[in-house]
Amino acid sequence: MLTLRILEIVLPIFTIVGVGLLYGRRHRPEMSVVNTVNMDVFVPMLMFTVLVEQSVDFASYRPLLLGAACVVLGSGLLAIPAAALLGVGKKTFAPPMMFSNAGNLGLPLMVLAFGEAALPAAVLVFLVESGLHFSLGMWFLSGQSSLLALLRTPLIVAVIAAFLVNALQLNIPPALMLPISMMSKVSIPLMLFSLGTRLAFADLREWRVGLSGGIFAPLCGLAIVFAINPLLDLPPMQQGVLFLFGALPPAVLNYIFAERYAIEPAKVAAIVVIGNALTVLSLPLVLGYVLPRFA
């Protein structure tokens, strides 16, 4: 039954987010260190483990990678005139529309929807989104970007290391691979829990722009996927991953960057918080379209 299948996917996600929300309201934990550790250690371990253990053939995912890049870049192009219509700065509005929650929410959503077989595809679209965020996104906000700095990020280092292991056909000893795999399993539930704690600190004074952004982001992403999907000739599961990617809300990292570069952080925070809250309504609808066609 489709309704039961949708509940099986969204309930685990919203339960962990809800636990983080309740814990955040009660204890108000400082999660910045935890989030840094997750992005610098556990998520790269996940990247490495998936790409090595499943011997991912990057060439077979090339159309999906192109599709994910089109969603990110196309959303930015559409967001700039939309920002002008809403009377919001383009540096405030465009990045949250471009850079979605492909880590905290996308990874568990795609795996729960399509099973472990979808993990390489989910990891790769997350890689596209993260790579563009740390390069194009930072340049858009600050006017500066460094290729060397991008190559030094743990996510990219993990991907390069996995690529070399696969290309050289190296065998990693089980005694070394096991702790890497164990650490990788920490990343996804910790992302969801962290998202919940972020929602607990929500400041909704800018709720109007937050609501506009929260609605525009998934509609824009899905419109682009509908437009490009017939051109990409993707396998069914990858099509489903791309649709879910297009429907994701803005990433929490948008707020962190907005705060760093003083780009109206209160408005960006409202877009992120309300956008993620609206997934309670949007994700079941999108899953209702995706699952019968691509699962």
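Mentor: Contact here means heavy atoms within 4.5 Å. Keep in mind that this is a predicted model.

Trainee: With that in hand, what does leucine 105 touch, leaving out residues up to four places away in sequence?

Mentor: Its partners are Ile13, Leu192, Leu248, Pro249, Asn276, Thr279 and Leu283. Leucine 105 itself sits in helix α5.

Trainee: Why is leucine 105 called buried?

Mentor: The cut-off is under 20% relative accessible area. Leucine 105 has 2%, so it's buried.

Trainee: Which residues make the contact between α5 and α14?

Mentor: Let's place the helices before the residues. The axes of α5 (residues 102-114) and α14 (residues 279-294) come within 11 Å, crossing at roughly 40 degrees. On the α5 side, the contact uses Leu105, Leu109, Ala113 and Phe114. From α14 come Thr279, Leu283, Leu287, Val290, Leu291 and Phe294.

Trainee: What makes α5 and α14 oblique to each other?

Mentor: Angles under 35 degrees would count as roughly parallel, and roughly perpendicular runs from 65 to 115. The axes cross at roughly 40 degrees, and therefore the pair is oblique. As for handedness, the α5 and α14 crossing is right-handed.

Trainee: On to the cysteines. Why is there no bond between the sulfurs of cysteine 70 and cysteine 220?

Mentor: A disulfide needs two cysteine sulfurs within 2.5 Å. For cysteine 70, the closest cysteine sulfur is that of cysteine 220, 12 Å away, so they're too far apart for a bond. Cysteine 220 gives the matching result, with cysteine 70 as its closest at 12 Å. Searching the whole structure turns up 0 disulfides.

Trainee: How do you know whether cysteine 220 is buried or exposed?

Mentor: Its relative accessibility is 5%. The limit for buried is under 20%, so cysteine 220 counts as buried. Cysteine 70, at 29%, is partly exposed.

Trainee: What is notable about phi in arginine 28?

Mentor: Most residues other than glycine have a negative phi. In arginine 28, phi is positive, near 45 degrees. Arginine 28 lies in the loop between α1 (2-27) and α2 (32-53). Exposed means over 50%, and arginine 28 reaches 57%, so it counts as exposed.

Trainee: What about phi in glutamate 264?

Mentor: Glutamate 264 has a positive phi too, about 45 degrees. You'll find glutamate 264 in the loop between α12 (253-260) and α13 (265-277). With 35% relative accessibility, glutamate 264 counts as partly exposed.

Trainee: Where is confidence lowest and where is it highest?

Mentor: Lowest is helix α7 (residues 147-152), with a mean of 75, and highest is helix α11 (residues 236-246), at 97. The protein averages a pLDDT of 89, and 98% of the residues score at least 70.

Technical notes. Residues numbered from 1 in each chain as written. Predicted model: local features only at pLDDT ≥ 70, side-chain atom pairs only at ≥ 80, totals over all residues. Heavy atoms only, no water. Buried < 20%, exposed > 50% of the residue type's maximum accessible area, 1.4 Å probe, protein only. pLDDT = per-residue confidence, 0-100. Helix = DSSP H or I, 4+ residues; strand = E, 2+ residues; numbered from the N terminus. Axes fitted to C-alpha atoms, helices over the stretch in contact; angles between N-to-C directions. Parallel < 35°, antiparallel > 145°, perpendicular 65-115°, else oblique. Left-handed = near helix turned anticlockwise from the far one by under 90°.
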